[in-house]
Amino acid sequence: MNKSLNGSWQFKEVNENDWLNATVPGCNYLDLLKLGLIPDPFDGINETNVYWVALKDWEYKKSLTVNAAELSSDNINLVCEMLDTICDIFINDTLVGKGENAHLKYSFDVKSFLKLGENTIRVVFYSPVRYVEKKQEEEKCPRNWNGLDGIPHIRKPQCHFGWDWGPVLPPSGISRNIYVEFLNMAKIDDILIKQTHSGDKVTLDVFAVINNLSGSALDFEVKVSPPNGDMIIKTGKCENSISETVVIDNPELWWTNDLSDKINQPLYSVLVNINRDEEIIDGTEKIIGLRTITLNREKDQYGSNFQFILNGVPLFIKGANWIPADSFINRFDEEKLKYSIDAALFSNMNMLRVWGGGYYESDEMYSMCDKAGILLWQDFCYACQPYPFFEEEFLENVKRETAYNVKRLRHHASLAVWCGNNEIEALSAAWPLSKKYIEWTEKFFYHILEPEIRKFDDATAYIPGSPCGVSHKAGFDKDNVGDTHLWAVWHGLQPMEYYRKRLTRFCSEFGFESLPDIKTIERFAKPEDYSLTSKVFKAHQKCMSGNMKMVYYIATRFRLPKQFVDFIYLSQVTQQECVADATEHWRRNKGRCNGSMYWQLNDCWPVCSWASMDYYGNYKALQYTSRHFNAPVSVSIENSKEKITIFVLNDKNEDIKTNIRYSVFDFKKGILKTEEKEIVIKALTNEIAFDLQVKEIAKAINLKQAGVIAELLNDNNLISRKTVLFSKEKNLKLPKALLSKSVKLEADKLSITLKSDCFARLVRVESLCSTLPFSDNYFDLLPGESKIITQTIDKTCKPGEQAEKITLFCCTDVEAKGSSVGDFLTRAGIFLKPVNFVSWMYHRKIPKDYEGDFQTQ
Ligand code: BMA
């Protein structure tokens, strides 16, 4: 039996006398905020004003009443699912245990410390900053670029100490469930389920470890419940373990959402009960999906592959990177999680990468992705810095962390790959003098971590790090092997078309920053702060020179705006164009390139960043556009000065019969010419549908006022559409569009009909009250064309307000500031800033292919 200790606690700064109300799970910042003792750390420049919190020690206490029956239990454990981080745990003022790893569940044997009646549990958390500083004095880790020096010493999400998108707000507290476990007779400690797929059968081997305190044999039952159909039950006798086999005929396989026609993917429940005299003593259920997922890294004609294969079907991965969803993770509840996973589904993603500077994600997130059909790539929690694995205690600590998280997550259908770390190898050139650290990076990620994983999971693929190559520090930056992180665009100021030169096997990171939604900005800045160089906007931009880089890239396509707020629109449409162009390029080269995961899906606070959805859940342009460029069946255009090549992309495991057409249109007169044909695209392949010569098109029309639109239709229903123009928007004669809308209330949604008198580029439909997404946004409208989009009724808006507060905006609504020469000089100034220029020089060269042995380690 478990007795929860969640709920009301008391807390105080260690040197204070007065105990204050606290909530568990939670943290010191949230408790202080609730009491009004600190201002909102996300507002203005408050982040620095509340830094003192991280420098103090904090203690939490709660009383616990134990009755005679409980006290006589065979075993009594205090279980803490997350203690963040360095802490001592006392019961009735006696030390019962220590916490030193936020990525680990602790279970302390407390039977001998509890007394009948009232007991006091007290947890004292020591300042994470002071801890790291002290450790760093004893053993110097190399300098850090993200956050404080020395953070590798503490097993806590590294981004708590600041990142190039995150604030420095390292919390302390009991961050997940805490409970007392009263054990009698027996408990199931662990369940492992192995799947063997052959023909139309899946064999499940179910193993359980029993902590049997009864001293005698017990009955067990293994119950497997399919999503549809009859339960299979196996029974027997057990002492300290169970090993049972269940064969499933005609299994319903688990697929990613893009390969499935179901909204909820089929899941099987595997329940193990241990009984005595027909009474259940303990039971544990695991929800699994029947599937095989492998990572094919075989040598091939291009080098060595990097391709996920699901139930034998090669996948093109379309996804994004996931960071901790809130600086104070307890605020991220199930509803917000669902909202985020829905955003990934909206954007046709089949994988998210859980990045290594944060958490091993929650059971809830894994379960939701199981259901949604989204794969998860789980980094181990090491990022961008080498770690002191040579310290015995540290190594033992992380081995325990590995065992716990592998056992916790291995049964999930969504788990696709274990990845050792984020970018440590790639950055190790920065620590040439830290030999010991570099040696141990290789030892740990190439020789220690995988065997530790294999003790508990021999089914899930492992890569030592991301990006990875062939072996330690060999090939991690090459296109022909492993995965790549491509940052030449953005960090390296290379032109946005640069990606087209990169035929990477798998791009697991690349990205482009933009401003968050105006509703988000209003929550952290006042109108007088509305400038990219104001104190507040600099505080809400963590990437060096980030705000200026946005300006730099915007000016390549658009005239710089007069109004600050137009930077929101311009940065977002530039971001979406950049990511769309790269992803489509890699999708067109499927087989050689097998994945595109942009950096990053979400934010942990309101900030200018690479996210496609801001902290408060507003979709940026990229979140909308991803829905199109990630759609499993979609149209894509490869354009150059000479040619326009129209592709149809099919990532479905079935042949698709569609109509494809292209039209040449004039910005004012509309469609001038159309050609259409029926085409069958074989399963999992791409086809070139049309190859157009720009010279030919130019004979009939002025390219400065025309474009080409490609459309994919299924029974006259438009399923995908793409526009291409012949120059950057700032060089074209785009007529000022007159946009109109009519809004109708239908059952649970608004239906909005939009129209434009002439070609309207990148139409934004904005709600000034609701965060809920529209069904589509940031699209082009042809002259006279109308389009209907919808938005779910938002109960947080006043009646009528949601429809009223919809505004329309497009490219020609941006009022330019100054002259083109002024824009050019602004760009040149940003480019020539030493930090930018040096980065540009560094990223200019495209790495040559790896030429050594392709046997990956
Ligand atoms: C990647 C990530 C992060 C970082 C991002 C943006 O390299 O792994 O460390 O936040 O780039 O710079």
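**Why do we call it that?**

Student: In this predicted model, which residue of strand 10 stands opposite phenylalanine 90?

Tutor: That's arginine 122.

Student: What makes strand 7 and strand 10 a pair?

Tutor: A pair needs at least two bridges. Strand 7 (residues 87-91) and strand 10 are joined by five bridges, so they count as paired. They run antiparallel.

Student: And how do you know that strand 4 pairs with strand 10?

Tutor: Same test! Nine bridges join strand 4 (residues 58-66) to strand 10 (residues 117-125), and the cut-off is at least two, so this is a pair. These strands run antiparallel as well. Look for valine 66, which stands opposite glycine 117 in strand 10.

Student: What actually holds paired strands together?

Tutor: Backbone hydrogen bonds, in either a parallel or an antiparallel arrangement.

Student: Why are strand 15 and strand 19 said to stand at the edges?

Tutor: Start with their sheet, an open one with three strands in the order 15-16-19 and antiparallel pairing. Strand 15 (186-198) and strand 19 (241-249) each have a single partner strand, so each has one side without a neighbour in the sheet. On average, neighbouring strands here are turned by 15° against each other, direction ignored.

Student: How do you know that strand 15 and strand 16 are paired?

Tutor: Count the bridges: 12 of them link strand 15 to strand 16 (residues 201-212), and at least two are needed, so they pair. One place to look is threonine 196, whose bridge partner in strand 16 is threonine 203.

Student: What makes strand 1 and strand 9 edge strands in the other open sheet?

Tutor: That sheet has four strands in the order 1-14-5-9, with antiparallel pairing. Strand 1 (2-4) and strand 9 (106-109) each pair on one side only. The twist from one strand to the next averages 25°. Strand 1 meets strand 14 (residues 178-183) through three bridges, which passes the cut-off of at least two, so they pair. Within strand 14, valine 180 is the bridge partner of lysine 3.

Student: Why is aspartate 326 called buried?

Tutor: Buried means under 20% relative accessible area, and aspartate 326 comes in at 2%, so it qualifies. You'll find aspartate 326 in the loop between strand 27 (317-322) and helix 6 (334-346). Among the residues it touches are Phe42, Arg331 and Cys604.

Student: What makes the link between aspartate 326 and tyrosine 615 a polar contact?

Tutor: The distance cut-off is within 3.5 Å, and these two side chains make their polar contact at 2.6 Å.

Student: How do you know that helix 10 reaches about as far as expected?

Tutor: Helix 10 (residues 435-454) has 20 residues and spans 28 Å from its first C-alpha to its last, close to the 28 Å expected at 1.5 Å a residue. There's still a kink of about 40° in helix 10, centred on phenylalanine 444. The buried residues of helix 10 include Trp440, Phe444 and Glu452. Part of their cover comes from helix 8 (392-409) and strand 30 (415-419).

Student: Which residues of helix 7 are buried?

Tutor: In helix 7 (residues 363-372), they are Met365, Tyr366, Met368, Cys369, Asp370 and Ala372. After helix 7 comes glycine 373, with a positive phi near 80°.

Note on methods:
Residues are numbered from 1 along each chain as its sequence is written. This is a predicted model: local features need pLDDT of at least 70, side-chain atom pairs count only at pLDDT 80 or more; totals for chains, interfaces and linings use all residues. Side-chain values use heavy atoms; hydrogens and water are left out. Axes are lines fitted to C-alpha atoms, for helices over the stretch in contact, and angles run from 0 to 180 degrees between N-to-C directions. Buried means under 20% relative accessible area, exposed over 50%, partly exposed in between (1.4 Å probe, protein chains only). A polar contact is a pair of N or O atoms within 3.5 Å; within protein, one must be able to donate a hydrogen and the other to accept it, and residues adjacent in sequence count only if both atoms are side-chain atoms. Contact means heavy atoms within 4.5 Å. The expected span of a helix is 1.5 Å times one less than its number of residues. The bend at a residue is the angle between axes fitted to the seven residues ending there and the seven starting there. Lists of a residue's contacts leave out its neighbours within four places in sequence.
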